[in-house]
Amino acid sequence: MWKGQALDGKERYMWKGQALDGKGCCTWKGWVVAMKGMVLLFHFLEKDRKNKLIRALLPLRVRIKEIAKEDYLQPVGYLSGNKEIPPVGTKYEGEGLEGELLLMAGLSSPQVDMVLKAIRKSGAGPIPYKAVLTPSNQSWDVLKLFQEIKAEHEAMGS
């Protein structure tokens with residue numbers, strides 16, 4: 001057993017990759033770190049691809065939440081668990097997104113890097129539309145977030 005500092009700055013007692021305080025953890029550059037964030041998945045219709053992605057994220061102990069199409073009008077901050085952002089009362093009944101979208105919430109920059117590395121190694125193939133939850137976009141609904149990410153992706157010429 002040893003005492004180590006996690007990325008969130010808290011000291012934790014660790015043993016064989018597990019935090020003894022009951023929090024999930026994983027390794028990053030030799031450190032054992034606790035991940036509290038969440039990855040939200042939108043419009044992942046291909047089951048095999050989605051399962052590869054989920055299997056790649058499970059060792060990181062990050063929460064994974066698949067969002068149903070009917071929730072696309074909800075603010076993404078609400079969907080990620082921010083209790084300060086209220087839900088909307090209407091359900092989305094339109095078409096699905098034009099592509100898959102992955103949203104990372106509550107992760108530090110090194111943790112985002114770990115998630116992206118796991119995605120690349122997963123064998124699930126490229127996911128062009130990825131975003132990080134920010135104070136600027138947390139009030140957007142899924143449709144607006146997707147439009148913004150798609151426009152940025154096209155502007156970069158990818």
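In this predicted model, the chain folds up into 4 helices and 9 strands. Walking along the sequence, the elements come in the pattern β-β-β-β-β-β-α-β-α-β-α-β-α. Of the 158 residues, 40% count as buried. Among contacts with a separation of 6 or more, 66% are between residues 24 or more positions apart.

Start with the sheet. Four strands line up in the order β7-β6-β8-β9, making an open sheet with mixed pairing. Its edges are β7 (residues 63–67) and β9, each of which pairs on one side only. On average, neighbouring strands here are turned by 20° against each other, direction ignored. The strands β6 and β7 run parallel and are joined by 5 bridges; F42 stands opposite I67 of β7. Two helices pack on this sheet. Helix α3 touches β6, β8 and β9, and its direction makes about 150° with that of β8. Helix α4 also touches β6, β8 and β9, with its direction at about 115° to that of β9.

Next, the nonpolar interior. In soluble globular proteins, nonpolar side chains tend to be buried together. The largest nonpolar core in this chain has 19 residues, and the members touching the most others are L40, F42, L101, L103 and V142. At least two residues apiece come from β6 (38–42), α2 (76–79), β8 (101–105), β9 (129–132) and α4 (142–155). The top contributor is α4, which gives 4 residues. As for L40, its contacts beyond four places in sequence are K65, I67, L79, S80, L101, L102, L103 and A105. There is also a second, separate core of 17 residues, with F44, L107, V115 and I119 among its members.

Two of those members, V115 and I119, bring us to α3. This helix covers residues 109–121, 13 in number, and spans 19 Å from its first C-alpha to its last, close to the 18 Å expected at 1.5 Å a residue. Its buried residues are Q111, V112, M114, V115, A118 and I119. These residues sit on the same side of α3 because they cover an arc of only 155° around the axis. The spacing fits a general rule: an α-helix has 3.6 residues a turn, so residues three or four places apart point the same way. On the face turned away from the buried side, α3 carries the exposed residues S109, R120 and K121. Just past the end of the helix, G123 takes a positive phi of about 80°.

Within α3, V115 has a relative accessible area of 0%, so it counts as buried. Its C-alpha is separated by 7.6 Å from that of L60, although the two residues are 55 apart along the chain.

Finally, there is a lysine to look at in helix α1 (residues 47–57), namely K50. Is K50 buried or exposed? K50 is buried, because its relative accessible area is 15% and the cut-off for buried is under 20%. Setting aside residues up to four places away in sequence, K50 touches L41, F44 and E66. One of these partners, F44, belongs to the second core.

Conventions:
Residues are numbered from 1 along each chain as its sequence is written. This is a predicted model: local features need pLDDT of at least 70, side-chain atom pairs count only at pLDDT 80 or more; totals for chains, interfaces and linings use all residues. Side-chain values use heavy atoms; hydrogens and water are left out. The expected span of a helix is 1.5 Å times one less than its number of residues. Buried means under 20% relative accessible area, exposed over 50%, partly exposed in between (1.4 Å probe, protein chains only). The arc is that of the directions from the helix axis to the C-beta atoms. Contact means heavy atoms within 4.5 Å. A nonpolar core is a set of buried Ala, Val, Leu, Ile, Met, Phe, Trp, Tyr and Cys residues joined through side-chain atoms within 4.5 Å. Two strands pair if DSSP finds at least two bridges between them. Axes are lines fitted to C-alpha atoms, for helices over the stretch in contact, and angles run from 0 to 180 degrees between N-to-C directions.
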